[in-house]
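Thanks for asking me to look this one over. Here is the model first, and then my notes.

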Amino acid sequence: MSKSLLIGSGVIEAACKTLVTQRMKCSGMRWRNPGGQVILTLRSLIQGDWFDKGWQLLSVTYRAKISGHNDNVIPFPNKIDPK
C-alpha cells in the first residue's frame, strides 16, 4: 500500500527554506528559543492552511478575563464587513 509520502531531500530542503530560513535569518534578526519557536509554530500553521484550527488551541494561552469598568473598551469584530 503506497502512502505517496515525499522522501526526496529537495522537497524537504525547500520546505525548510520557505518555513525557516526566509523568516528566521533576515538581516539583523536574533532569536531566542521561546520567541523563535512561536514564530515557527505560527508560520507552519499558516503555510499548512491549519491556522484557524491551530489558533483555537494556541489562543487559550493568550486569553484573559477582563474585570472592572469597561466603558472605554471597543469590541473587536470577529469578521470584517466588506462594504
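The points below go from the overall picture to single residues.

1. Confidence first: please keep in mind that this is a predicted model. The mean pLDDT of the protein chain is 78, and 80% of the residues reach at least 70. Among the elements, α3 has the highest mean pLDDT, at 87, while helix α1, residues 9-24, has the lowest, at 81.

2. Fold: the protein chain has 3 helices and 0 strands. In sequence order, the pattern reads α-α-α.

3. Surface and burial: you may like to have these totals at hand. The protein chain has 83 residues, and 6% of them count as buried. Its accessible surface is about 8200 Å², with 59% of that area on carbon and sulfur atoms.

4. The nonpolar patch: which residues form a nonpolar patch on the surface? The members are V38, I46, F51, W55 and Y62, and together they have about 480 Å² of accessible area. Two helices, α2 (33-47) and α3 (51-58), each contribute at least two residues to this patch. If you plan to colour the surface by residue type, this is a good place to begin.

5. The aromatic pair: the structure contains 1 aromatic pair. The partners are F51 and W55, with 5.9 Å from centre to centre and 10° between the planes. The pair counts as stacked because planes under 30 degrees apart fall in that class. Along the sequence, F51 and W55 are 4 residues apart in helix α3, so about one helical turn separates them. Both of these residues also belong to the nonpolar patch.

6. Exposure of the pair: are F51 and W55 buried, exposed or partly exposed? The relative accessibility of F51 is 31%, so F51 counts as partly exposed. W55 comes to 35% and is therefore partly exposed as well. For reference, the partly exposed class lies between the buried limit of under 20% and the exposed limit of over 50%.

7. A backbone detail at D49: the loop between α2 and α3 holds D49. What is phi of D49? The angle is near 55°, a positive value in a residue other than glycine. As background, most residues other than glycine have a negative phi. D49 counts as exposed because its relative accessibility is 72%. When you go through the backbone angles, this is one to look up.

8. Cysteines: how many disulfides does the count give? The count is 0, with a disulfide taken as a pair of cysteine sulfur atoms within 2.5 Å. C16 has 41% relative accessibility and so counts as partly exposed. C26, at 34%, is likewise partly exposed.

9. A contact across the sequence: T18 sits in helix α1. T18 and Q47 are 29 residues apart along the chain, and 9.1 Å separates their C-alpha atoms. With a relative accessibility of 32%, T18 counts as partly exposed.

10. To pull the threads together: F51 is a good residue to start from in the viewer. F51 lies in helix α3, is a member of the nonpolar patch and stacks with W55. From there you can step back to D49 in the loop between α2 and α3, and then on to helix α1, where T18 is placed.

Terms used
Residues are numbered from 1 along each chain as its sequence is written. This is a predicted model: local features need pLDDT of at least 70, side-chain atom pairs count only at pLDDT 80 or more; totals for chains, interfaces and linings use all residues. Side-chain values use heavy atoms; hydrogens and water are left out. Patches are made of residues with over 30% relative accessible area and no salt bridge: like charges are joined within 9 Å, nonpolar side chains (Val, Leu, Ile, Met, Phe, Trp, Tyr) within 5 Å. Accessible areas come from the Shrake-Rupley method with a 1.4 Å probe; for residues, only the protein chains shown count as cover. A salt bridge is a side-chain nitrogen of Lys or Arg within 4 Å of a carboxyl oxygen of Asp or Glu. Buried means under 20% relative accessible area, exposed over 50%, partly exposed in between (1.4 Å probe, protein chains only). Rings of Phe, Tyr and Trp (its six-membered ring) pair if their centres lie within 6.5 Å; planes under 30 degrees apart count as stacked, over 60 as edge-to-face and the rest as tilted. pLDDT is the predictor's confidence in each residue, from 0 to 100.
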